[in-house]
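Student: I would like a close look at one part of this structure, the sheet. Please also say something about the helices afterwards.

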Amino acid sequence: MEEHQYMHMHIEHDHHDRPPMHDRQSRDHSPHSPAQHEHAPHRHAGHDHLSMINDFRKRFYVVLVLTAPVLLLSEMIQHWIGLHLTFPGDKYILAALSSVIFFYGGWPFLFGWWEEMKTRNPGMMTLIGFAITVAFAYSVATLFGLQGMDFFWELATLILIMLLGHWIEMKSVAGASRELELLVQLMPAEAHLVTAEGIKEVRTDSLKVGDVVLIKPGEQVAADGIVGEGSGFLNESMLTGESKPVEKSKGDRLIAGSLNGNSALKITVTHDAASSYLSQVIKLVNDAQQAKSGTQLLADKAARWLTVIAIAAGLATFIFWKVDGKSLSFAMERMVTVIVICCPHALGLAVPLVVARSTTVAARHGLLIKNRTAFENARRITTLVFDKTGTLTVGKFQVIKMEALSNKWMDTDILAMAAAVEQQSEHPIATGIMEKAQAMQLRIPAADHMQAMAGKGIQATVNGKTVMVISQAYAQEHFSITPVQQDATGTLSYVVIDSEPAGYVVLADEIRPESAGAIQALKNDHISTVLLTGDNEKIASAVAQQLQLDKYIAGVLPHQKLEEIKKLQQQGAYVAMTGDGINDAPALAQADIGIAIGSGSDIAAETAGIVLVNSNPEDIVSLIKFGKATYRKMIQNLAWATGYNVITMPLAAGVLYHWGILLSPAAGAVLMTLSTIIVAINARLLKL
């Protein structure tokens, strides 16, 4: 039985917002193998944890059977119940039974004590192991002539209660790990691979990019992919928190683990099992649970100090009662009770249980926590800075106007050239241009040598010509162009061919219906809202006015966004920044808390501490509220665990002895176990 595993189980746009030009398959470079994905995150919390629960249960029942005769053979128990039972060798039988209880029932604690001593990190197992060893050694010594009464019945009941307590505690703690297991179980074990010979059943982890898979009605999607045939509604609630089924048709992306509706679909796999969205979520959750925030480190430090205090208090209690004239057995019993009741178990689990619960619950609602400290500090946010495109707006740009500036080109040529350059970009503006070109059934020429110009635009070679699709600010700075009259909320992109302005495209982006409510909720929470965008003054002003933002800053490049964040911080603000593009990455890194939009670029997600899967501004409000609720739970658990020790330690030491109140070691074990169970239940009550 690997008890040490239990000891350490502590559960931590603007037009020029350009993402990388590759597809999101860039995430395929993950070093994690499918096997790691399937088993690594949950092996400890699953199989090993279950075997440990079963081991404690088995030891408990064995000790329970052996404790009955130990109680009957103990003089004190016989005196209490008015029974007189003696026979030759009864003391040795009592000692033998107690020895089995000590070595078999107490083995997890003795082994844990040894492990803690090897790592020089004394904790709960040190206290329990020390307490039962003292009780056993003293009792055996009385058998061989030491004056005093033995502790055999107290030893048996103490180990019995500790085994029962650990069994119950671990079942409670397992609930926190089960949340992560539920995420893992979303991935089906097998998939229907479409081959030239027909449908073939294969293991999910054997699927490769480019494979075609059949998803039958009612089945879970076996891999991330793009719909090739069929259409229908899918339930993605366990992955994104979106309760309403989402309609998917040809060309749409599917997430592995989502539940198919009543239609059959054929999809082309875009990520293998190791680099799927679900695998990345599981890894993020697992990493976050293993990481330790400042609150966790404080709790760990307090638990270590409590261990030292418990041993010191136990020894001081022993010395006090011995000097006071009490018997050796009385002083020994008080020492053992103090040490047992002060086990820092509840304190050690106060934060990890909340961490395990919060990270998995958040992930199931589309909030991916990469940085625990950032999440816990969400309660401190005073200023929230928004990027515009894809954050406050839908991010779905539609072409409302296009025009050639030269007789060399037709209006449709300008759109076709822009589409050629943008065809491999993920940006919402690129999508809008492509959708318009396809709707007009234009022939889109091939392009190569594509290069993102962060904060400025994008360029490529089309039919031997260098074509740039650039922002209005960059075009005005580097080229001689005629001002274009446009709607205040429209986004203007210039098309430059071989260094000559050839035309422009105007796109408009709709403000998200949830944005106004989210901004108002933030205002009600006394959080200042700022729009920070590379778009022009008119658009920024119109959006800020419509959403009643406190402030807007327009026309900023990536390095300028970072500087604006610094200015806010220098004014004393605790700044959270949310964005989705490459040009947001420096600002996300500079902000006290970086929040990336999940549908944005990988670079933005890499630099942020938190990722929102649904790109919904209301999720930011939920994030802040959930961060506050999580921190409250941590403080509640820490307060309970600390307060429990403050109250029970003096009782265990015997301060009320002269008033007839005295706790036995077994009673101390019950109270210690109860405190840990309360901490576990309180963590389970955390909801989003």
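Tutor: The sheet comes first, and two helices follow. This is a predicted model, in which local features need pLDDT of at least 70, side-chain atom pairs count only at pLDDT 80 or more, and totals for chains, interfaces and linings use all residues. Residues are numbered from 1 along each chain as its sequence is written, and side-chain values use heavy atoms, with hydrogens and water left out.

Six strands form an open sheet in the order E2-E1-E3-E9-E4-E7, and their pairing is antiparallel. At the edges stand E2 (198–203) and E7 (253–254); each has a single partner strand, so one side of each has no neighbour in the sheet. Strands here are DSSP runs of E with at least two residues, helices are runs of H or I with at least four, and both are numbered from the N terminus. Two strands pair if DSSP finds at least two bridges between them. Strand E4 (residues 225–229) and strand E9 (residues 265–269) run antiparallel and are joined by four bridges. Within this pair, Ile226 of E4 stands opposite Thr268 in E9.

Now the helices. Helix H15 (residues 411–422) has 12 residues and spans 17 Å from its first C-alpha to its last, close to the expected 16 Å, which is 1.5 Å times one less than its number of residues. Nine of those 12 residues are buried, so H15 is largely enclosed by the rest of the structure; among them are Ile414, Leu415 and Met417. Buried means under 20% relative accessible area, exposed over 50%, and partly exposed in between (1.4 Å probe, protein chains only).

Helix H5 (residues 107–118) contains Glu116, which is buried at a relative accessible area of 7%. Glu116 and Thr126 lie 10 residues apart in sequence and 6.8 Å apart in space, C-alpha to C-alpha.
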